[in-house]
Amino acid sequence: MGRLSPSFRSAIFSNELIRKPPAVSPESPKPPSPKPSHFPNKKSSKTFRKTKDAGTPQTSTSSAATIFNSPDLSSAKKLITSFAATNASAAQLDTRYHNSLLQSYSAISDVRDTTSLLHHMIKTFPSFSPNRSTYHILLSQACKQQDANVSSVYHALNLMVQNGIQPNQATVDVVVRSICSAGRLDEAVELVKELSLKKSPPDQFTYNFLIKNLCKSRSLSTVYGFVDEMRNFDIKPDLVTYTILIDNVCNSKNLREATRLIGVLNDCGFKPDCYVYNTIMKGYCSLSKGSEAIGVYNKMKEEGVEPDLVTYNTLIFGLSKSGRVSEAKKFLQIMATMGHFPDAVTYTSLMNGMCREKDALGALALLEEMEVRGCLPNSCTYNTLLHGLCKLRLLEKGIQLYGVMKEADMKLETASYATFVRALCREGRVAEAYGVFDYAVESKSLTDVAAYSTLESTLKWLKKAREQGLAV
């Protein structure tokens, strides 16, 4: 990462408002302890572990995958028959290997042919007894096939039941995740309801996965309707569910509904954690409501919930955005004394606020402090500063900062590029503006068209300004 040259640093005004807290040592920051994710993915959830315990193939399928070169069913059956005839030990292979054969063929065929191959394998290998994972392969394939309707999923489920294996929570998880990955959310909802009626409801992980997907593309009333329906099967929202819902309404800037959900959460016996408070705070910050964000922070402290790095970053961002930079600076010191070391996000948010208040030199001084503390600035940090310096007509310092960015191969963002080019042209340094245009294209910061359009409009503006005597 590029660093400021000594001569550049010496030109920066000192900033007495930002002091390094003496009690905190930047050399050996304590890494934050890992926290459980509110939105566990399939690999980390209990549902996945149960699927795995049910017999998911553990061996590599690379050797099996090379057997099938074509989706042609008759050729696949001949290969299986030939394999069984020429390998006396084939009868002794465990179920996992047979499943890997089926899995590899399902990757290049349709679910009907995969089902036919399964029947052929059962006849060819007398010792092969399909298990739950075998039918999960068929289910996953049936769910993901875009040209298949839901009847193929029911066919796979019925085949599993006919062979004495009842759907369980792992089965429901496979179905839901597979159908959702294929973009067929409504079918996933209907299948969950039907399976729940047949005494195979989803577990909490699958339920929350479906809630999260519904929040992305369905109305809030639809989500609440699904939540109410699932209560009939004794599936109730937990802390993760409410966190998903709160995050959804905060993203839509419906803070009144978020506050109501906090009340519901408390009434259900759940205590909001740091993630929930951070989510609410983020919602207020997006609306530039700094006072309300501070209120959430104070509420956290009252409830005994310890703020984390995200809390402070969110608060500093929100205060800086709403023009309350002096308060944001205080929280920069508070977070350090609490053992949370500011990162690039923290500093960049504060720099952005300082630039908004026309204190670009103060933001530049903060960059020096940031590097001294061992926190490396990123591309966003430099682009924020470049934009701020050029907006305040501190072109020479902007040019020096651009040199650091160029040396470090950092990309220019659209706003900082446009402001920088305009500032250069305003001062009659058109040749340098063309140089910035070349770098923007070469570094793939912007497309050729976008970069040229910005330069062209700036040159037109310059020509018109000169004609009116407003520029040199």
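In the predicted model, Leu394 occupies the loop that links α21 to α22 (395–407). Its relative accessible area is 26%, so Leu394 is classed as partly exposed, a class that lies between the buried limit of under 20% and the exposed limit of over 50%. Once neighbours within four places in sequence are set aside, the contacts of Leu394 are with Ala360, Leu361 and Leu389. Leu394 is also separated by 9.1 Å, C-alpha to C-alpha, from Ala423, a residue 29 positions away in sequence.

A second leucine in a loop, Leu376, is placed between α20 (360–372) and α21 (379–391). Leu376 has a relative accessibility of 52% and therefore counts as exposed, the cut-off for that class being over 50%. The C-alpha atoms of Leu376 and Ala344 are 6.8 Å apart, although 32 residues separate the two in sequence.

Across the protein as a whole, 25 helices and 0 strands are assigned, and buried residues account for 47% of the 472 residues. When contacts between residues at least 6 apart in sequence are considered, 69% of them join residues at least 24 apart. The largest nonpolar core comprises 123 residues, of which Leu210, Ile211, Phe226, Ile246, Leu412, Tyr417 and Phe420 touch the most other members. For Phe420, with residues up to four places away in sequence not counted, the residues touched are Leu386, Cys390, Leu395, Gly398, Ile399, Tyr402 and Val436.

The unreviewed UniProt entry lists "repeat: PPR" for residues 168–202, 203–237, 238–272, 273–307, 308–342, 343–377 and 378–412. Two of these listed spans were examined for their content and end-to-end distance. Residues 273–307 are 74% helix and 0% strand, with end C-alpha atoms 10 Å apart, while residues 308–342 are likewise 74% helix and 0% strand, with end C-alpha atoms lying 11 Å apart.

The packing of one helix pair can be described in further detail. Two packed helices are described by the angle between their axes together with the distance between those axes. For helix α8 (residues 150–162) and helix α10 (residues 185–197), the axes come within 12 Å and cross at roughly 35°, and the crossing of α8 past α10 is right-handed. On the α8 side, the contact is formed by Val150, Val153, Tyr154 and Leu157, and on the α10 side by Glu187, Leu191, Glu194 and Leu195. By class, the residues of this contact comprise 6 nonpolar and 2 charged, with no polar residue among them.

Two loop residues were considered for their backbone torsions. Most residues other than glycine have a negative phi. Lys199, which is not a glycine, has a positive phi near 65°, and its place is in the loop between α10 and α11 (204–217). The relative accessible area of Lys199 is 75%, so Lys199 is exposed. Asp234 is also a residue other than glycine with a positive phi, here of about 60°, and Asp234 is located in the loop between α12 (220–231) and α13 (239–251). With a relative accessibility of 59%, Asp234 is therefore counted as exposed.

Notes. Residues numbered from 1 in each chain as written. Predicted model: local features only at pLDDT ≥ 70, side-chain atom pairs only at ≥ 80, totals over all residues. Heavy atoms only, no water. UniProt positions renumbered as here; feature names shortened; annotations may be inferred. Helix = DSSP H or I, 4+ residues; strand = E, 2+ residues; numbered from the N terminus. Axes fitted to C-alpha atoms, helices over the stretch in contact; angles between N-to-C directions. Left-handed = near helix turned anticlockwise from the far one by under 90°. Contact = heavy atoms within 4.5 Å. Nonpolar A, V, L, I, M, F, W, Y, C, P; charged D, E, K, R; others polar. Core = buried A, V, L, I, M, F, W, Y, C linked by side-chain atoms within 4.5 Å. Buried < 20%, exposed > 50% of the residue type's maximum accessible area, 1.4 Å probe, protein only.
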